[in-house]
Structures are given as structure tokens and as C-alpha cells.
Amino acid sequence: METKDYSKFKIVNSNKKLTERHIDTLMKSIKENGYFKSKPITVNAKHEVSDGQHRLEACKRLGI
């Protein structure tokens with residue numbers, strides 16, 4: 001499923017803390033190369049992000 005409704009997603013407290021440096025690096029990579037759909041953001045049935053919270057934030061900031 002693809003969506004731009006970022007309000008659906010919940011970050012799980014047990015995930016890594018978001019770091020600006022990592023988000024900035026991902027944003028630069030996405031701007032230069034596009035978003036690789038082979039690296040999806042993984043969520044459970046409750047829309048809790050289990051993998052990809054940095055990618056989610058980068059995409060959110062880029063509006064993609």
C-alpha cells in the first residue's frame with residue numbers, strides 16, 4: 001500500500017531514536033536517486049512502524 005497520509009503512522013518507542021543526520025542523508029539520497037521501493041517502510045496492522053522510521057520522516061519532509 002502507498003499513501004501520503006503520514007498521520008496514519010505511529011513510531012514505536014522501542015525503535016531507534018530519529019537523528020537529523022540520518023534523515024538528512026536519506027533526504028539527499030532520495031533527491032538524487034529517487035525512493036527505492038525495494039526498501040519499503042514496514043508497518044503492522046496498527047500502522048506502527050517496525051522498520052523505516054528514518055525513511056518515513058525523510059519522505060514526509062520531501063512530500064513524497
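Colleague: I am new to this structure, and I would like to start from a single residue: which residues does T42 touch, once those up to four places away in sequence are not counted?

Modeller: With residues up to four places away in sequence not counted, T42 touches E48, V49, S50 and D51. Please keep in mind, as we go on, that this is a predicted model. T42 itself has its place in strand β2, and the C-alpha atoms of T42 and I30, which are 12 residues apart along the chain, are separated by 18 Å.

Colleague: How should I read the accessibility of T42: what is its relative accessible area, and what class does that give?

Modeller: Buried is under 20% relative accessible area and exposed is over 50%, with partly exposed in between. The relative accessible area of T42 is 36%, so T42 is partly exposed.

Colleague: Before I lean on such details, what pLDDT does the protein chain average, and which elements have the lowest and the highest mean values?

Modeller: The protein chain averages a pLDDT of 89, and 100% of the residues score at least 70. Among the elements of the chain, the lowest mean pLDDT, 88, belongs to β1, whereas the highest, 95, belongs to α1.

Colleague: I see two helices, α1 and α2; at what angle do they pack, and how far apart are their axes?

Modeller: Helix α1, residues 20-33, and helix α2, residues 53-62, pack at an angle of about 60 degrees, and their axes are 9 Å apart. Angles from 65 to 115 degrees would count as roughly perpendicular and those under 35 as roughly parallel; α1 and α2 are therefore oblique to each other. As for handedness, the crossing in which α1 passes α2 is right-handed.

Colleague: Which residues make that contact, and how do they divide by class?

Modeller: From α1 the contact is made by E20, H22, I23, D24, L26, M27, I30 and K31, while α2 contributes H54, R55, E57, A58, C59, R61 and L62. Sorted by class, the contact of α1 with α2 has 7 nonpolar, 2 polar and 6 charged residues.

Colleague: Could we look at individual residues of α1, beginning with M27: is M27 buried or exposed?

Modeller: M27, whose place is in helix α1, has a relative accessible area of 15%, and it is therefore buried. Leaving aside its neighbours within four places in sequence, M27 is in contact with A58, R61 and L62. M27 and A58 also show how sequence and space can be read side by side, for they are 31 residues apart in sequence and 5.3 Å apart in space, C-alpha to C-alpha.

Colleague: And what does I30, which also has its place in helix α1, touch beyond its neighbours up to four places away in sequence?

Modeller: With those neighbours not counted, I30 touches Y35, A58, C59, L62 and I64. I30 is buried, because its relative accessible area is 10%. The C-alpha atoms of I30 and E48, which are 18 residues apart along the chain, are separated by 23 Å.

Colleague: What, then, of R21 in helix α1: is R21 buried or exposed?

Modeller: R21 has a relative accessible area of 73%, so R21 is exposed. Between R21 and R61 there are 14 Å in space, C-alpha to C-alpha, and the two residues are 40 apart in sequence.

Colleague: Turning to α2, how many of its 10 residues are buried, and what do they pack against?

Modeller: Helix α2 is mostly covered, with 7 of its 10 residues buried; these are Q53, H54, R55, L56, E57, A58 and C59. The buried residues of α2 pack against β1 (10-11), α1 and β3 (48-51). Consider H54, which lies in α2: its relative accessible area is 6%, so H54 is buried. Leaving aside neighbours within four places in sequence, H54 is in contact with K17, L18, T19, H22, I23 and L26.

Colleague: Finally, I would like to read the backbone: where does H47 lie, and what is its phi?

Modeller: H47 lies in the loop between β2 (42-43) and β3, and it has a positive phi of about 65 degrees although it is not a glycine. At 27% relative accessibility, which falls between the two cut-offs used above, H47 counts as partly exposed. A positive phi, near 75 degrees, is also found at G63, the residue that follows α2.

Methods
Residues numbered from 1 in each chain as written. Predicted model: local features only at pLDDT ≥ 70, side-chain atom pairs only at ≥ 80, totals over all residues. Heavy atoms only, no water. Axes fitted to C-alpha atoms, helices over the stretch in contact; angles between N-to-C directions. Helix = DSSP H or I, 4+ residues; strand = E, 2+ residues; numbered from the N terminus. Parallel < 35°, antiparallel > 145°, perpendicular 65-115°, else oblique. Left-handed = near helix turned anticlockwise from the far one by under 90°. Contact = heavy atoms within 4.5 Å. Nonpolar A, V, L, I, M, F, W, Y, C, P; charged D, E, K, R; others polar. Buried < 20%, exposed > 50% of the residue type's maximum accessible area, 1.4 Å probe, protein only. pLDDT = per-residue confidence, 0-100.
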